[in-house]
Amino acid sequence: MFGPHQKIILHLLDIPKMADALKGVVMELQDSSYPLLDSVVATTDVQTAFLHINVAILVGAFPRGPGMQRKDLLKVNVSIFKEQGEALNKYASRDVKVLVVGNPANTNALTALTKASDLPTANFSALTRLDQNRAQSMISEKVGVSVENVNNVIIWGNHSLTQVPDVNHGYISNYPQRDLVSPIKSAVEDEKWLNEQFIPLVQNRGAAVIAARKLSSAASAANAIVGHMRDWLLGTRDGEVVSMAVYSDGSYNIPKGLIFSFPVTCRQGQWSIVQDLKISPFIQAKLELTTKELEEEKQVALSFLN
Ligand SMILES: NC(=O)c1ccc[n+]([C@@H]2O[C@H](COP(=O)([O-])OP(=O)(O)OC[C@H]3O[C@@H](n4cnc5c(N)ncnc54)[C@H](O)[C@@H]3O)[C@@H](O)[C@H]2O)c1
């Protein structure tokens with residue numbers, strides 16, 4: 001995640017009733033003999049967990065149970081991410097990079113950021129890289145190319161059913177032959193599939209994994225976390241665009257102050273939103289829906305916070 005030579009000290013936080021399970025995780029880490037794992041601090045104490053950390057990956061969230069309303073889910077998660085935002089503010093390194101994974105990830109990140117008022121808003125992000133990876137994998141299968149040749153598929157908006165997978169700026173390298181590139185749309189040659197099947201498939205992939213496993217995505221989520229943090233810290237390749245949910249500065253007319261997934265590039269530990277992409281009316285209508293959902297989530301979260 002941080003390059004082949006960077007040693008890490010891993011702080012693991014869980015709630016007290018999971019303390020024994022946490023011990024088991026530590027045993028597995030020891031037994032893995034990871035050469036870059038300097039040491040592990042496993043704790044149920046928030047201060048110990050957040051003290052002087054440089055990176056925070058916030059996975060712990062309250063899962064949505066059967067019959068649970070979205071509002072109730074937001075309420076319990078606001079209480080978790082309020083505490084974690086306050087802990088980041090008090091104890092973490094001032095340049096801590098925060099990735100929120102626990103759902104509803106965008107709004108949980110906004111809650112944490114709101115309570116960490118001494119830290120720059122640019123330090124906060126939420127995970128939509130898994131959605132990007134899912135989308136690129138589906139395109140590679142449809143076109144019949146290796147996934148490493150599928151580039152720059154964008155995920156806009158919320159990490160939820162309203163997310164907007166957008167292939168309009170993506171391309172396939174070494175296609176139709178070596179050293180040529182082809183826009184994804186021309187390579188797929190099936191606009192109906194792109195609009196009517198691909199988008200809902202990406203939007204519903206998380207639910208499909210849960211339906212099959214009875215658990216949410218784990219290995220693929222971990223792999224997406226690695227990609228997100230590696231690119232943020234070590235930089236994206238020239239010409240490469242990745243998706244990260246970050247604090248909106250008003251780009252693409254997305255209201256300032258939402259945590260919104262944008263196309264970004266990263267250099268020297270800083271992300272920047274890719275500007276001036278042309279947005280089709282079809283995508284624009286979808287951006288408005290996901291924006292509306294995020295604004296509603298924000299209002300509910302703020303009402304609980306206040
Ligand atoms: N953004 C994404 O792409 C993505 C992908 C996969 C999973 N998720 C989300 O990540 C979250 C975790 O998923 P999971 O399958 O690992 O769930 P899980 O229930 O297996 O693990 C969550 C862990 O967090 C702990 N936890 C709960 N509250 C905590 C708190 N206040 N402080 C510290 N730890 C706490 C739990 O005890 C548990 O060990 C879920 O919200 C899931 O929806 C997001």
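Which domains give residues to the shell around the ligand, and where does the ligand lie relative to them? In this predicted model, domain 1 (8–126) and domain 2 (129–304) both contribute to that shell, so the ligand lies between them.

**Ligand shell**

The ligand is surrounded by 18 residues, of which Asp14, Gly60, Val101, Asn103 and Ser216 come nearest. Sorted by class, the shell has 10 nonpolar, 7 polar and 1 charged residues. Polar contacts to the ligand include one from the side chain of Asp14 to a ligand oxygen atom, one from the side chain of Asn103 to an oxygen atom of the ligand, and one from the backbone of Leu127 to a ligand nitrogen atom. Their distances are listed below.

| Residue | Protein atom | Ligand atom | Distance |
|---|---|---|---|
| Asp14 | polar side-chain atom | oxygen | 2.6 Å |
| Asn103 | side-chain N or O atom | oxygen | 2.8 Å |
| Leu127 | polar backbone atom | nitrogen | 3.4 Å |

On its own the ligand has 870 Å² of accessible area, and the protein covers 74% of it.

**Aromatic pairs**

The structure holds 4 aromatic pairs. One of them joins Trp193 and Phe198, a tilted pair with 5.6 Å from centre to centre and 35 degrees between the planes. Trp193 has a relative accessibility of 10%, so Trp193 counts as buried. Phe198 is buried as well, because its relative accessible area is 1%.

Phe260 and Phe262 form another tilted pair, with the centres 5.1 Å apart and 50 degrees between the planes. Both of these residues are buried. Phe260 and Phe262 also belong to one aromatic cluster together with Trp156 and Tyr252.

Key: Residues numbered from 1 in each chain as written. Predicted model: local features only at pLDDT ≥ 70, side-chain atom pairs only at ≥ 80, totals over all residues. Heavy atoms only, no water. Near = heavy atom within 4 Å. Polar contact = N/O pair within 3.5 Å; in protein donor to acceptor, adjacent residues only side chain to side chain. Areas by Shrake-Rupley, 256 points an atom, 1.4 Å probe, with all protein chains shown as cover. Nonpolar A, V, L, I, M, F, W, Y, C, P; charged D, E, K, R; others polar. Domains from an automatic or database assignment. Phe/Tyr/Trp six-rings, centres within 6.5 Å; stacked < 30°, edge-to-face > 60°. Buried < 20%, exposed > 50% of the residue type's maximum accessible area, 1.4 Å probe, protein only.
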